[in-house]
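Student: I have a structure open and don't know where to start. Can you walk me through it?

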Amino acid sequence: LTGKIMDSRGAALPGAVVIITETSTGSSQRVVTGADGTFTVLELPAGTYRMEVEAQGAKLVGRQNVEIV
């Protein structure tokens with residue numbers, strides 16, 4: 001899974017923590033965005049996930065039911 005985290009103005013959020021949790025097992029991985037706001041989570045098995053983003057000075061943002069096929 002690869003993505004880019006941006007603020008409401010479209011600026012990249014370096015150093016944000018992305019937490020992806022498999023909903024059926026509760027197993028989670030944490031990664032930190034790079035200088036350009038991008039992140040990669042490797043070797044995710046197919047399933048349904050919850051994704052949350054934490055960044056200093058920003059409120060927590062989450063997405064439910066992210067499907068990895």
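**A hairpin to start with**

Tutor: This is a predicted model. Start at the hairpin of E2 and E3, where 5 residues sit between the strands and Gly26 takes a positive phi near 80 degrees.

Student: In which sense do E2 and strand E3 pair, and over how many bridges?

Tutor: E2 and E3 (residues 28-32) pair in the antiparallel sense, over 5 bridges. Within that pairing, Ile20 stands opposite Gln29 in E3.

Student: What about Thr21, where does that lie?

Tutor: Thr21 lies in strand E2, which covers residues 17-22.

Student: Is Thr21 buried or exposed, and why?

Tutor: Thr21 counts as buried because its relative accessibility is 6%, and the cut-off for buried is under 20%.

Student: And what does Thr21 touch, leaving out residues up to four places away in sequence?

Tutor: Thr21 touches Gly26, Ser27, Ser28, Thr48, Tyr49 and Arg50. With the same sequence neighbours left out, the contacts of Ile20 include Ser27, Ser28, Tyr49 and Arg50, and also Leu1, Val41 and Leu44.

Student: New topic. Which residues have the most contacts inside the largest nonpolar core?

Tutor: They are Ile5, Val18, Ile20, Phe39, Val41 and Leu44, in a core of 13 residues. The elements giving two or more residues to this core are E2 and strand E5 (47-55). E5 gives the most, with 4 residues.

Student: OK, pockets. What is the volume of the largest pocket?

Tutor: The volume of the largest pocket is about 290 Å³. It is lined by 15 residues, and the closest to its centre are Ile5, Met6, Leu13, Val53 and Val61.

Student: Which strand gives the most to that lining?

Tutor: E6 does, with 5 residues. E5 and strand E6 (58-68) each supply at least two residues of the lining.

Student: How does the lining of the largest pocket divide into nonpolar, polar and charged?

Tutor: The lining has 8 nonpolar, 2 polar and 5 charged residues.

Student: Back to phi. Which residue in the loop between strand E4 and E5 should I look at?

Tutor: Look at Glu43, which lies in the loop between E4 (38-40) and E5. Glu43 has a positive phi of about 55 degrees although it is not a glycine. Its relative accessibility is 76%, so Glu43 counts as exposed.

Student: And Asn65, what is its phi near?

Tutor: Phi of Asn65 is near 55 degrees, a positive value in a residue other than glycine. Asn65 is in strand E6. Asn65 counts as exposed because its relative accessibility is 57%, where the cut-off for exposed is over 50%.

Key. Residues numbered from 1 in each chain as written. Predicted model: local features only at pLDDT ≥ 70, side-chain atom pairs only at ≥ 80, totals over all residues. Heavy atoms only, no water. Buried < 20%, exposed > 50% of the residue type's maximum accessible area, 1.4 Å probe, protein only. Contact = heavy atoms within 4.5 Å. Core = buried A, V, L, I, M, F, W, Y, C linked by side-chain atoms within 4.5 Å. Pairing = 2+ DSSP bridges. 1 Å grid on protein atoms, 1.4 Å probe; cavity = no way out; pocket = protein on both sides within 12 Å on 5 of 7 lines; lining within 4 Å. Points joined across faces, edges and corners; volume = space filled by probe spheres on them. Nonpolar A, V, L, I, M, F, W, Y, C, P; charged D, E, K, R; others polar.
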